[in-house]
Amino acid sequence: MSENPLSRRGFLGMLGVSSLGALLAACRPATSSQNTGQFTAQKVESASTTTNDSGGMDHQNQSGGADDMDAMHERGLKMFPAKTEGLGGQPLAFKLDGDVKVFEITCKEVNWEVEPGKRVKSMTYNGTVPGPEIRVTEGDKVRLIVKNDLPQSTGVHCHGIHTPNNMDGVPYLTQPPIKPGQTFIYEFVAKPSGTHMYHSHHNAAEQVAAGLLGPFIVEPKDKTKSKWQWDKEYTIILNDGPHGFTLNGKSFPATSPLTAKKGQKILVRFVHEGSQMHPMHLHGMPMRVIAHDGYPLQYDFQLDTLDISPGQRKDVLIECEEPGAWAFHCHVLGHAESPKGMFGMVTALIIEA
Ligand SMILES: [Cu+2]
């Protein structure tokens, strides 16, 4: 997420608790923590008669049964937000050349840590997944210098930006491929405003899935003219390649929580860089959809489960009124939970009282 990362200690300290388990217990209504053992056993027994996306494990045959399964689930939640090396989507600094904002990107291979101990050989922009965030204002002159240190050729498409045709980044259609060791310079005026992205458009099924993607945010010239205002914002990039099911290049419990104080409004910019459907579901309160593919909606609308398809961006506003730790996850359940606990496209919205 584009917010500064929270360390686990800082995150829990902010909440005034020593563990996420304590926080969750504090947020939970008293009745729900008083389930009887009998109730728990019944729930697990009924679950054991079904199979699931994650291998159809038969829980009845597991030694220890419900307690073992619960322990695995609890362990995952207590690790959240788990520390991993590397954080993608951080702001990319630019240099000014006259009135041109100059951004430099190097395509290179990195062993990216998706969750504690799980490293995946990745193709990256500047060594992170997602690549760094490019953020400019509508009308800015942009120069994007792309150096290719990968063993494959590539090309960079700024998806959603209205570039001149020869800056569109499609090898053999609008430019030669950027071969290993070569550099290509893109120049264009940033328009229109909105949530966009940049990614590979060469061998893209492999390269984008492996990490050649990043957020490209174009702010409006005059923000005060916008119908909507917010206190803070996050960008969440969905992907489903060799890293597994990820939010901003990380899998639960290594995903970053979203945080807000009661009464704040947050903007979440969803960016879909994967190949599958990921209906993102927020517990406890609605999301108001205010823009689609960067274009402001004339008629905004509310929902709690957001349809977003590959290539799309959707901006949602959340009014954070109800304190607690609210689950925020993909509702294709096989992308979010297995018999061993939650994984993949899961995070939480933490609202401080
Ligand atoms: Cu999903």
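Q: Hi! How much area does the protein chain expose, and what share of it do carbon and sulfur atoms supply?
A: The protein chain exposes about 16300 Å², and carbon and sulfur atoms supply 52% of that. Accessible areas here come from the Shrake-Rupley method with a 1.4 Å probe, and for residues only the protein chains shown count as cover.

Q: Where does this model come from, and how are residues numbered?
A: This is a predicted model, where local features need pLDDT of at least 70 and side-chain atom pairs count only at pLDDT 80 or more, while totals for chains, interfaces and linings use all residues. Residues are numbered from 1 along each chain as its sequence is written, and side-chain values use heavy atoms, with hydrogens and water left out.

Q: OK, how many helices and strands are there?
A: The protein chain has 5 helices and 22 strands. Both are DSSP runs numbered from the N terminus: helices are H or I with at least four residues, strands are E with at least two.

Q: And what percentage of the residues are buried?
A: Of the 353 residues in the protein chain, 49% are buried. Buried means under 20% relative accessible area, exposed means over 50%, and partly exposed is in between (1.4 Å probe, protein chains only).

Q: Switching to the metal: which residues are the protein donors of the copper ion?
A: They are H278 (ND1), C330 (SG) and H335 (ND1), lying 2.0 to 2.1 Å from the copper ion. Donors are N, O and S atoms within 2.8 Å of the metal (3.2 Å for Na, K and Ca), and water is not among the atoms, so sites may look incomplete.

Q: How are those donor residues spaced in sequence?
A: The pattern is H-x51-C-x4-H.

Q: Is C330 buried or exposed? What about H335?
A: C330 is buried, at 0% relative accessible area. H335 counts as buried too, with 7% relative accessibility.

Q: What's going on with strand β6?
A: β6 covers residues 156-159 and has both faces covered: V156 and C158 are buried on one side, H157 and H159 on the other. In a regular strand, side chains alternate between the two faces of the sheet.

Q: Which sense does β6 pair with β8 in, parallel or antiparallel?
A: Antiparallel, over 4 bridges, with β8 spanning residues 194-200. Strands pair if DSSP finds at least two bridges between them. H159 stands opposite M197 in β8.

Q: New topic: how many aromatic pairs are there?
A: The count comes to 6 aromatic pairs. One of them is F94 with F103, a tilted pair at 5.5 Å centre to centre and 55° between the planes. The rule takes rings of Phe, Tyr and Trp (its six-membered ring) whose centres lie within 6.5 Å; planes under 30 degrees apart are stacked, over 60 edge-to-face, and the rest tilted.

Q: How accessible are F94 and F103?
A: F94 is partly exposed at 36% relative accessible area, whereas F103 is buried at 0%.

Q: Where are the cis peptide bonds at P81 and P253?
A: One joins F80 and P81, with omega about -5°, and P81 lies in the loop between α4 (66-79) and β1 (95-97). Another joins F252 and P253, with omega about 10°; P253 is in the loop between β11 (246-247) and β12 (258-261).

Q: Last one: what is the phi of N126, and where does N126 sit?
A: N126 has a positive phi of about 60° although it is not a glycine. N126 is in the loop between β3 (118-125) and β4 (134-137), and is partly exposed at 29% relative accessibility.
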